[in-house]
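Subject: Handing over a structure, with notes on what was found

Dear colleague,

Please find below the structure that I would like to hand over to you. My notes on what was found in it follow directly after.

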2 protein chains.
Amino acid sequence: MADTGTTPRERYRTQVRAEIKQRAWEQIAAAGASALSLNAIAKQMGMSGPALYRYFAGRDELITELIRDAYRSLADTFRATAAPQSPADGSGAPGAHLAALAHTLRDWALDDPQRYFLIYGTPVPGYHAPDDITTIASEIMATLLEACATLPSDGPAPFRRAMAFWTRLHGVLSLELAGHFTGMDLDPAQLYAGEVEALLRP
Amino acid sequence: MADTGTTPRERYRTQVRAEIKQRAWEQIAAAGASALSLNAIAKQMGMSGPALYRYFAGRDELITELIRDAYRSLADTFRATAAPQSPADGSGAPGAHLAALAHTLRDWALDDPQRYFLIYGTPVPGYHAPDDITTIASEIMATLLEACATLPSDGPAPFRRAMAFWTRLHGVLSLELAGHFTGMDLDPAQLYAGEVEALLRP
DNA sequence: CCTCTTGCGTTAGAACTTCTAACGAACGAG
DNA sequence: CTCGTTCGTTAGAAGTTCTAACGCAAGAGG
């Protein structure tokens, strides 16, 4: 499976890169992105520090790669979320695709909260993502926009609807993932579902 | 002004602590909380590294103190946001207090985005805020709840309304502050105002 | 099959970081 | 004026990222 690359060298290289990234994700899930340590990853893999620099130019490039993978993962997950049996003319349930996207988003975020925050969390003031990453970001937005365009248009314009969808769901989701709802006698899933429902009937 | 403490020693101590925190805020605003360096602060203040440990037990305690100050600042700013000339019986403009809180929140966040993210940004998996900080957090929530309770009650219950207020405004605000709207031909202030308006008429 | 270039992992070390320990000096209370 | 507390210092341990130089192993070309 997945013999990326032709030569044995390339295969080995991509395999090691993949393992490095996997350990990096484990560290990030455990203690956040700021606690990611190249040295610790190297030790876990049984090799000594600077060896990792054969695979990533540095900590920043590794993190950027993880951010790219996170965007890619969300974009693919969004794309794979088909409108459930809607006959392309938008009959069936009108907002089924949007609702499916909403629940896909929440599942994806809950699956790895720190991955979500790598995309939508606290920005680093100096940092600017490379162009290909912003391209993936607009892919995500495009998927959302398409789903909004299939709705009956007696409500707001597709773009306004998409922005409301994005901002409101991110609002609930990020506060939930950050733990701001704990001890508040509140079911985050229900709050989320309530916002989705409100979004589908304006 | 503000001669906190009686003895000269205490005055000097609180003054140095204040300067340390101020430099810390500058660093955080410039490069994010993860780039905060005690050594750099010490050098800026003309003293050598470990001297700061007389004033803060370590980096974590300093950051916790900054988080506390951020919460305190937001709570005070919220409390100071009076309902504009509403005669206590809730006549006048019904949602004036809520609208004022909304704009106060945005102004406060724009004034120092990293301070906002210190409260509502990416959480550190291991970290749990001390009890007094969660107390301040509930102060903020209480202010919001009170403002929601003065609304005509043909809409949702005050608690639901407060949650919608919180999550929706945080959704728009955090995405704006993180720069996710750049290059999107969209006025964040307008989007924000639109959400506020929608919040006031359900 | 043999060479030879390319790539990988190593150690050494510089420049950082947080943080502890021990020392000396200055300050203020008695 | 003395004496104890507090402050700032330097030294150093244990981390971190990252560069440089070295040796070895593995694949490519003759």
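How many nonpolar, polar and charged residues does the surface near DNA strand D have? That surface has 10 nonpolar, 5 polar and 6 charged residues, where Ala, Val, Leu, Ile, Met, Phe, Trp, Tyr, Cys and Pro count as nonpolar, Asp, Glu, Lys and Arg as charged, and the others, Gly among them, as polar.

Before going further, please keep in mind that this is a predicted model, in which local features need pLDDT of at least 70 and side-chain atom pairs count only at pLDDT 80 or more, while totals for chains, interfaces and linings use all residues. Residues are numbered from 1 along each chain as its sequence is written, chains are lettered from A and ligands numbered from 1 in the order in which they are written, and side-chain values use heavy atoms, with hydrogens and water left out.

**DNA strand D**

Of the 21 residues around DNA strand D, those that come nearest are L38(A), N39(A), R59(A), R54(B) and Y55(B), a residue being near a molecule or strand if one of its heavy atoms lies within 4 Å of it. Among the atoms of the strand that are within 4 Å of the protein, 63% belong to sugar or phosphate, and the rest belong to bases. At least two residues of this surface are supplied by each of α1 (8–31) and α2 (38–44) of chain A and α1 (8–31) of chain B, and α1(B) gives the most, with 3 residues; helices (H or I, at least four residues) and strands (E, at least two) are DSSP runs, numbered from the N terminus.

Three atom pairs involve phosphate oxygens of DNA strand D: a polar side-chain atom of Y53(A) lies 3.2 Å from one, a polar side-chain atom of Y55(B) lies 2.6 Å from one, and a polar backbone atom of S48(B) is 2.8 Å from one. R54(B), which is also listed among the residues that come nearest to the strand, is found in the loop between α2 (38–44) and α3 of chain B. At 67% relative accessibility R54(B) counts as exposed, where exposed means over 50% relative accessible area, buried under 20%, and partly exposed in between (1.4 Å probe, protein chains only). From C-alpha to C-alpha, R54(B) and P152(B) are 54 Å apart in space, and they are 98 residues apart in sequence.

**Salt bridges within the chains**

A search of the whole structure finds 24 salt bridges over all chains, each one a side-chain nitrogen of Lys or Arg within 4 Å of a carboxyl oxygen of Asp or Glu. One of them joins the side chains of E139(A) and R72(A) (3.0 Å, N to O), and this pair links distant parts of the chain, 67 residues apart, with E139(A) in helix α6 (residues 131–149) and R72(A) in helix α3 (residues 59–80) of chain A. Both partners are partly exposed, E139(A) with a relative accessible area of 27% and R72(A) with 31%.

In chain B, the side chains of E65(B) and K21(B) meet in a salt bridge (3.3 Å, N to O). E65(B) lies in helix α3 (residues 59–80) and K21(B) in helix α1 of chain B, so the pair ties together parts that are 44 residues apart in sequence. E65(B) counts as buried at 16% relative accessibility, and K21(B) is buried as well, with a relative accessible area of 14%.

**The interface of chain A and chain B**

In this interface, 38 residues of chain A are in contact with 38 residues of chain B, contact meaning heavy atoms within 4.5 Å. The two chains bury about 2800 Å² between them, 66% of it on carbon and sulfur atoms; buried area is the accessible area (1.4 Å probe) that two parts lose on being put together, summed over both.

The rule finds 2 salt bridges across the interface. The side chains of R168(A) and E195(B) meet in a salt bridge (2.9 Å, N to O), a pair that crosses between chains from helix α7 (residues 158–177) of chain A to helix α8 (residues 188–200) of chain B. R168(A) is buried, with a relative accessible area of 10%, and E195(B) is buried at 6%. The side chains of R168(B) and E195(A) also meet in a salt bridge (2.9 Å, N to O).

With kind regards

Notes
Polar contact = N/O pair within 3.5 Å; in protein donor to acceptor, adjacent residues only side chain to side chain.
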